[in-house]
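Please open the structure in your viewer and keep the selection tool at hand. The tour below proceeds one selection at a time and states what is to be found at each stop.

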Amino acid sequence: MIDREVRELEKAVEQIWEIATVKMGLDPFPVNFEIVPATVMYEVGSYALPGRYSHWTFGKAYHRMKMMYDFGLSRIYEVVINSNPSYAFLLETNSPLQNKLVIAHVLGHVDFFKNNHWFSNTNRRMVDQTARHARRMEEYEFTHGRKVVEEFLDAVLSIEEHIDPHFFIRKESDDQDKKTDKRKKEGRYDDLLTKSELGEDESPPTASEERARRSKVRLPEKDIVYFLMKNSPALEDWQRDVMSMLHEEMEYFVPQMQTKIMNEGFASYWHSRIMREMELSDSEHIEFAELHSGVVSPHKGQLNPYYLGYKIFEDIEKRWDNPTDEEREKFGRKGGEGREKIFEVREVDNDISFLRNYLTEELCEELDLFVYELVDDEEWTVTEKRWERVRDQLVANMTNFGFPYIEVADGDYEGNSELFLMHRYEGVEMDIKYARKTLEYVHKLWGRMVHLETVVDEEPMVLHYDGNEHTED
Amino acid sequence: MSIQRNDWSLQRKGLIDQERHKERVRDAIKKNLGSIVSNESIILSDGKRKVKVPIRSLDEYKFRYDYRKKKHVGTGDGNTQVGDVIAREGQPGQGRGPQGGDQAGQDYYEAEVDIDEIAKLIFEDLHLPYLEDKAKQAVQSKTTRFTEIRRSGILSNLDKRRSILENIKRQARETGEARLGRFKKDDLRYKTWEEEIKYESNAVVIPIMDVSGSMGEFKKYIARSFYFWMVRFLRTKYDNVKIVFISHHTEAKEVTEEQFFTQGESGGTVVSSAYRLALDVIQERFPPGDWNIYPFHFSDGDNYYSDNDEAVRLADELIATCNLFGYGEIGEEGASSYRRSSGALLSIFKDRLKLQDRFVGVRIDDKEDVYPALKEFFGVRGEHV
C-alpha cells in the first residue's frame, strides 16, 4: 500500500470514528488498525488470537484459508481482536472503500465487545496472556518433547468446548477458597526447603481425607475440562497447567460463540449506517452497495449470521421507531426509540435471547426461514415452515454452542475411580463414531475406564472404553 | 485510534504449524499405506502426480451431533414450501450454517499427496528377491558420488565447510587464536567425484493376469492395483528390467502394457495356457543362464478342473527355471479367508507343488491386502541363496 493510500485511510479512520461516536452514539474501545498482507491476515484468522501456542490444527486451518485465498475462492476482509485497545487487521490489497467499510464494521464489533453484558468478564489483555501461554507451551515442548505435548493437546482440544460458560462465577468462589487455604503459596526457594519446613504434611491423604475431598466435588459437572484438570488421577502438573491455559482461552471465545449472530448483525447494521454518512463518489457508492449486499445476503439453504442479525436489528429499529397502534397501547412504545432500543439489546442479549425476543413472524416470513432434515437417508427436505417451530429449532441448534450437552455424572463410578459422562439427550443423537474416538481422548486424560451414556434409536446406550477396547450396552 | 504497518510476518507461526500439519499428514500416510496403496484416485490417476486421498486419522474428533439426524434451519428465496427438496445426499457441505460447532458434512480429511512420495515410502523395503549374478550383465546404473577432497578443483565444487575449517586451523597455527580470518589459496578444499557404474544382473518380470469372465470389477481392480505398483516399483528401482505382459482366459497371449491394464474380461479359465506361453517366452528370449526371471500370476483361482494337473505340472516347470514364482489369488470382496473354496488353485498349489521354497502364494480378499501382498512378494527374505 502506498503512503498516499495510508494517509487517506488515516483520514478515513478519524472521520469514521467521529461519525460513529459523536453522531451515532457508539462507545467502542480505541482501536489500532494494522495494515497487513494476506499471509498475516490468514495467520491471525486461523489462530483467532495472534501469538497463540503452536498446534497442527492451526496450521491446517491456515493452510486451508490460504489456499482458498490463493484460488480466489474466499477472502477474509477483517479480523478484530477483543482487547483494550482493540486490534483490527486490514488487508493491504483491499480497495480504499473496502477498508473504509471494514473500519466502520470493526467499530460496531468493538462497541459490542465493550458494552455487551456477556463480554463483561472477558480479559481485555488476552493477547498478552496468550503470548505467555505460548511461551509456557514452548517450555513444555522443550522439557517433555514436542510429540508428547502435541498428543496431549490433541486430547484436550477434543473436549475444549465443554466448559461452563458461567465459569467466572466459580472462579471468584475458588479465589475465596484459596484465601482460606492454610497452605503457603509456592515460593521460589521451595526446592531448597524440606517438606516440614514448608509446612507440608508428608503423609499421603488418608481415606477419610480423600472422601472429604471427593465430597467437595460438585456433580454433575458441566465443565469437563475443569473437572478433569482438578480431579484426574492421571495428569502431571504441566498437563494440568496446559488444561488451565486452554480453559482460559476458551473462556475468551465463549462470549463470541454466544453472540455470533448479534455481533455480526450489529456490526453490519452500523457499517451500513456509518457509510451512509460518508461522502462517497458515485463509483464508491456502487462498490459499497455491491459489497454490503454481498455481506448481508442470504445463502440459500444456509444461515448467514450477518444477514439474519442485520435483518433483526433493522426490524427492531423499525418497530421501535414506528410502533403500531397496538404496540403503542399495549407496550407503551412512544415511537422514535429505535436506536435506543438497539443499544439496549446489544447490552443485555445473547443470540438465544435475541432470537427468542426479536425474531417475529413477519421476519420469519420475509427471510423465508424453514426447518429441513434428511428424509429416507436421501433427500434434504423442508419439513417445517410454522414460524414458532422454526424459531425454536434455531434456538435449540444454538444451545450449548451447537454441541451436545454432556456432563460429568460421576468421577468414582462403581467405587472404582472410573469416569461417567452423561449426554443430556434432547432429541438429537450424537455421532457415535466420533463419540468413541473422543472417548479415547478422554481416557487419555482420565487414565482409567471412561463411560458415556447417550441415546441411540430412542434407547439409552452406554459407551465404554477401557484403553484398549470399545464396548457398549 | 491509529493506523499502523507493523511487520507481523516475523512471527511466521502459520508456516511453522502448517509444517507440523504436513508432518502429521506424512505420518498418517505411513500408517495408512495399506489403504492408500489400493486407493482408486491413485490407481486411476492417469499420470497425474498429485492425488487426494482420505486420511481418517487427521480428523479432529469431538463430541458432536449426528449431522444426518439433526434438524437444520435455512433461508430460502421467498416461497419455500414444506416438502421442497433443497439438496440430495452425497453433496457434502450442503445446508451448513456457519455457526461454530456445526461443521459436520465432510467426515474425513482429504490430504493431497504426491504419488512419487508415496511410491518412495512403499518401495523403501522392496526389492527383487533371490537376484543372482548371471553371465550376461546388462542391467546397469550410473551414479555420481563425491568421494574425495582435494586442494585444487573448480570453484563450483568448493567445499565451504572444510575450507573454513582449514582457515581456522591455519589461523590457530599462525596467530594462536582459532578464528576465521582472511582466506588464502591454501585453505581452499574442493570436492571431486567418481562415476560409479553398478552392474546388476539381468532380470525379466512376467506379469500374468487372468481376464476370464469370472474376474469381476473388484478382482480386476485388485490385480490392477498390484501390478500398478509392481511396474512402478521395478521402473524406479531397476534401470533396465524387462517386463513381458501376458493375459489369459482359455488362451494366453502376450499383450502391450496398455492392453494389459485396460482389457475387458470374457470366457473361461485355463491357467496352463498362460504358463506354457511364459515358458515359451523364457525359452526363446530369456535363457535362465543369463536372466533372473520372475513370473507373477493373478487370478481368482477358478480354473477348469481338468486343467489343474497340467497347471501344477507347468507351474513346477516354471519354478524350476525362475528365481521366484508369485501367485496371488483374489477372493470375493469382503470374503474372509476361511471361506475360500478348496478347489481353488492356491490350495492346490500349496498342496501339490514340488518346489515350494521358490513359490509365494497370497490370498487377497480386500483392497487393504494389496500392500501386504507387495511386501510378501518383494519383501526381505533370504537373498543370495
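Begin by selecting chain A, which holds 19 helices and 10 strands. The model is a predicted one. Of the 473 residues in chain A, 53% are buried. Consider next the contacts in chain A between residues at least 6 apart in sequence: 70% of them join residues at least 24 apart.

**First stop: a hairpin in chain A**

Select residues 369–375 of chain A, which form strand β4, together with residues 379–384, which form strand β5. These two strands pair in the antiparallel sense over five bridges. Within this pairing, A:Glu373 stands opposite A:Thr381. Three residues lie between the strands of the hairpin, and A:Asp376 takes a positive phi near 55 degrees there.

Now add residues 85–88 of chain B, strand β4 of that chain, to the selection. Which way does this strand run relative to β5(A)? The two run antiparallel and are joined by three bridges. Place a label on A:Trp380, whose bridge partner in β4(B) is B:Ala87.

**Second stop: the interface of the two chains**

Show both chains and select the residues where they meet. In this region, 97 residues of chain A are in contact with 64 residues of chain B. The area buried between the chains is about 7,700 Å², and carbon and sulfur atoms give 55% of that area. Which residues of chain A lose the most area to chain B? They are A:Trp56, A:Trp380 and A:Tyr434, which together account for 11% of what that side buries. A:Trp380 has already been met as the bridge partner of B:Ala87.

Turn next to the polar side of the interface. Between chain A and chain B there are 40 residue pairs in polar contact, with both residues at pLDDT 80 or more. Select residues 432–446 of chain A, helix α19, which gives the most to the side of chain A that touches chain B, with eight residues. By class, that side of chain A comprises 52 nonpolar, 19 polar and 26 charged residues.

A further pairing of strands crosses the interface. Select residues 31–36 of chain A and residues 2–4 of chain B, each of which is strand β1 of its chain. These strands run parallel and are joined by three bridges. In this pairing A:Asn32 stands opposite B:Ser2.

**Third stop: salt bridges between the chains**

How many salt bridges does the rule find across the interface of chain A and chain B? There are 12. For one example, select B:Arg24 and A:Glu150, whose closest N and O atoms are 2.9 Å apart.

**Fourth stop: salt bridges within chain A**

Over all chains, the count of salt bridges comes to 63. Select A:Arg52 and A:Glu249, which form a salt bridge with their closest N and O atoms 2.6 Å apart. A:Arg52 lies in the loop between α2 and α3 of chain A and A:Glu249 in helix α10, so the pair ties together parts that are 197 residues apart in sequence. Are these two residues buried or exposed? A:Arg52 counts as buried because its relative accessibility is 6%, and A:Glu249 is likewise buried, at 1%.

Move to A:Asp392 and A:Arg356, whose side chains meet in a salt bridge at 3.5 Å, N to O. A:Asp392 belongs to helix α18 and A:Arg356 to helix α16, and the pair links parts of the chain 36 residues apart. A:Asp392 counts as partly exposed, at 32% relative accessibility, and A:Arg356 is also partly exposed, at 44%.

Then select A:Arg386 and A:Glu384, whose side chains meet in a salt bridge of 2.9 Å, N to O. A:Glu384 is buried, with a relative accessible area of 13%. Finally, select A:Arg146, A:Lys147, A:Glu150, A:Asp154, B:Glu23, B:Arg24 and B:Asp27, which are joined into one network by salt bridges that share partners.

**Last stop: a buried arginine in chain B**

Select B:Arg170, which lies in helix α5 of chain B, residues 160–175. B:Arg170 counts as buried because its relative accessible area is 6%. Leaving aside its neighbours within four places in sequence, B:Arg170 is in contact with B:Arg182, B:Phe183, B:Lys184 and B:Asp187.

Conventions:
Residues are numbered from 1 along each chain as its sequence is written. Chains are lettered from A and ligands numbered from 1 in the order in which they are written. Side-chain values use heavy atoms; hydrogens and water are left out. Contact means heavy atoms within 4.5 Å. Buried area is the accessible area (1.4 Å probe) that two parts lose on being put together, summed over both. A salt bridge is a side-chain nitrogen of Lys or Arg within 4 Å of a carboxyl oxygen of Asp or Glu. A polar contact is a pair of N or O atoms within 3.5 Å; within protein, one must be able to donate a hydrogen and the other to accept it, and residues adjacent in sequence count only if both atoms are side-chain atoms. Helices (H or I, at least four residues) and strands (E, at least two) are DSSP runs, numbered from the N terminus. Ala, Val, Leu, Ile, Met, Phe, Trp, Tyr, Cys and Pro count as nonpolar, Asp, Glu, Lys and Arg as charged, and the others, Gly among them, as polar. Two strands pair if DSSP finds at least two bridges between them. Buried means under 20% relative accessible area, exposed over 50%, partly exposed in between (1.4 Å probe, protein chains only).
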